[in-house]
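The turns below go through some terms used for a two-chain model, setting each value against its definition.

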There are 2 protein chains.
Amino acid sequence: MTIQTTDVAIIGAGPVGLFAVFECGMMRLNCHVIDTLEMVGGQCAALYPEKPIYDIPGFPEVLAADLIDRLKAQAAPFEPVYHLNQQVMSLEKTPEELWILETSKGTRIQTKAIVIAAGVGAFGPNRPPLENLEEFEEKSVFYYVKNREAFRNKRLVIAGGGDSAVDWALSLAPIAEKVTVVHRRAKFRAAPESEAKLHKLASDGIIDLAIPYQLEGLQGDNGVLKTVVLKSLGGEMREVPADVLLPFYGLAMNLGPIADWGLDLNGTHIHVAPDSCATNLPGVFAIGDIATYPHKLKLILTGFAEAAQAAHTIRTYLHPGEVYHFEYSTTSGVPELK
Amino acid sequence: MTIQTTDVAIIGAGPVGLFAVFECGMMRLNCHVIDTLEMVGGQCAALYPEKPIYDIPGFPEVLAADLIDRLKAQAAPFEPVYHLNQQVMSLEKTPEELWILETSKGTRIQTKAIVIAAGVGAFGPNRPPLENLEEFEEKSVFYYVKNREAFRNKRLVIAGGGDSAVDWALSLAPIAEKVTVVHRRAKFRAAPESEAKLHKLASDGIIDLAIPYQLEGLQGDNGVLKTVVLKSLGGEMREVPADVLLPFYGLAMNLGPIADWGLDLNGTHIHVAPDSCATNLPGVFAIGDIATYPHKLKLILTGFAEAAQAAHTIRTYLHPGEVYHFEYSTTSGVPELK
């Protein structure tokens, strides 16, 4: 496996990670950016793209997705290399005091410095605790609906009690052959109007409600699902013939492998020096929501300022003998990186 | 003189002072803002409104004046009271631990907290050291050209050797009765093309060049100028009949009365605790370029983050017993202040 080299590896492509690309670029440092999501933008892109944000300076109101587009455009002149849909698994130090990162896809990156801008950590769907789940994932079990048409004329089991489960049940019922909604409580946690529609579809015989039931097992071969086995709280079993299972159990957030790198942690946060964003590991910095110090404010704005601080510190760290001639962007504009 | 009361008095209406209004507003604190300039925006508005800025997060490029417009709009819902064209002269503490500010226009403001966001300090035109200058200022002596037509058919003396002096000489020569340009050196510090035009006008007899000469005195009555007296470096005197003197000697920057308030200063900077932006005076905070601490970055972005930090600290300072329920702006939007 070939290895890619860079000045700075940024873990996390949320707003703060993207702005770190810009700030490193202004210091003439190039960047690779790794993120577990398949797109840049972190929570702004994945969880609330349509939500307005009010506390970014200069924006009386900006949609989260628009902010991400603008930050990506601001970083673009510095030609960052994005490694998406993969998690940094291991961190290793070379005898030359460089770091080598390896991702879940086997990407290997050798870097002089690391900026951890991982927010709340890696986040992804909560997975139901079913023995042979992995066999069916991405074949018959899906956590996102990317293409609604893929479920036309299919027998669907939708699991969960929140808005996602209810809204997708309503959306897919007209095109699916059959929809069974499984929830472990009688009451849903969805918008009342949506829940009312769900019960109407159930009383009309268009969908089946299996409540209160939990997922118990999956049956099938080679990833092709045949039956979803349910179990009531009283222990009653039920077998639902099905082609597809769609579990909507919310998002899990966790530090992931970062927790094992020897960083000075406070729960799921990384201790940093506030004047440099340096962690206890040489050449490793943390910024944004994942970084903590006394009186830290968890604002996107704070993360932006930390990105600037980290970039300046890295510049000095990598060029210790050199006095950096600080110029205002109004004077010099955006430098050419190469 | 009546006294106005507020939660927070912000000294300086530059970008950082304006964003402090927003951050205080989010903490449900209302603000009065004082600035020596006649408009908000500080240097962005007065010195480089047309310059693009590249390092504000979310703006690949923004003109300084546009950034100010956006920050002013972002602050507007919190209804700040602006006191422009006046300088804070004195600071006084009441027995109730409140502060009373008085400005050069006699405005008196009683406030619970003060945020100094004064950038490089008050700035204004460098004034020539002439004995009776004040008598003529704003009558026959002007430091800005607000309305070019006001100088039609007038005899003008323009003093200075930079772009402003040269450009205004070129601009006003066609409409003035006479233009004399006074500079203490033979060489101008203006764009070569402009300087060439100036010398052409001089050799055509359209303007007079008095170089190398300095301003020596003003003669006239009740603010009506009659003669500007010049002196060469060799001591030779020259009297120029004139209606108007336009000195273009650049901008002076100084802390002004702030220097005498007992703040812990480092030259023209104020020492603050970086985690709170608190100065050594209780209830007095400093943010932006005027505030200093180890590894401080003089970026507008840094000032924005400090504004957030100061606002949160002031909230706690004014409501010590109360746990502030922190909400993301995406959740709660912008609060109603009253």
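**Sheet and interface**

B:Gln214 stands opposite B:Lys231 in strand 14 of chain B. The model is predicted, so that local features need pLDDT of at least 70 and side-chain atom pairs count only at pLDDT 80 or more, while totals for chains, interfaces and linings use all residues. Residues are numbered from 1 along each chain as its sequence is written, chains are lettered from A and ligands numbered from 1 in the order in which they are written, and side-chain values use heavy atoms, with hydrogens and water left out.

Q: What makes strand 13 and strand 14 of chain B a pair?
A: Two strands pair if DSSP finds at least two bridges between them; eight bridges join strand 13 to strand 14 (residues 224-232) of chain B, running antiparallel, and therefore the definition is met.

Q: Why are strand 13 (213-221) and strand 15 (237-241) of chain B called edge strands?
A: Because each pairs on one side only, in an open antiparallel sheet of chain B with the order 13-14-15.

Q: How many salt bridges are counted between chain B and chain A?
A: The count is zero, where a salt bridge would need a side-chain nitrogen of Lys or Arg within 4 Å of a carboxyl oxygen of Asp or Glu.

Q: What makes residues of chain B count as being in contact with chain A?
A: Contact means heavy atoms within 4.5 Å, and 38 residues of chain B are in contact with 38 residues of chain A.

Key:
Helix = DSSP H or I, 4+ residues; strand = E, 2+ residues; numbered from the N terminus.
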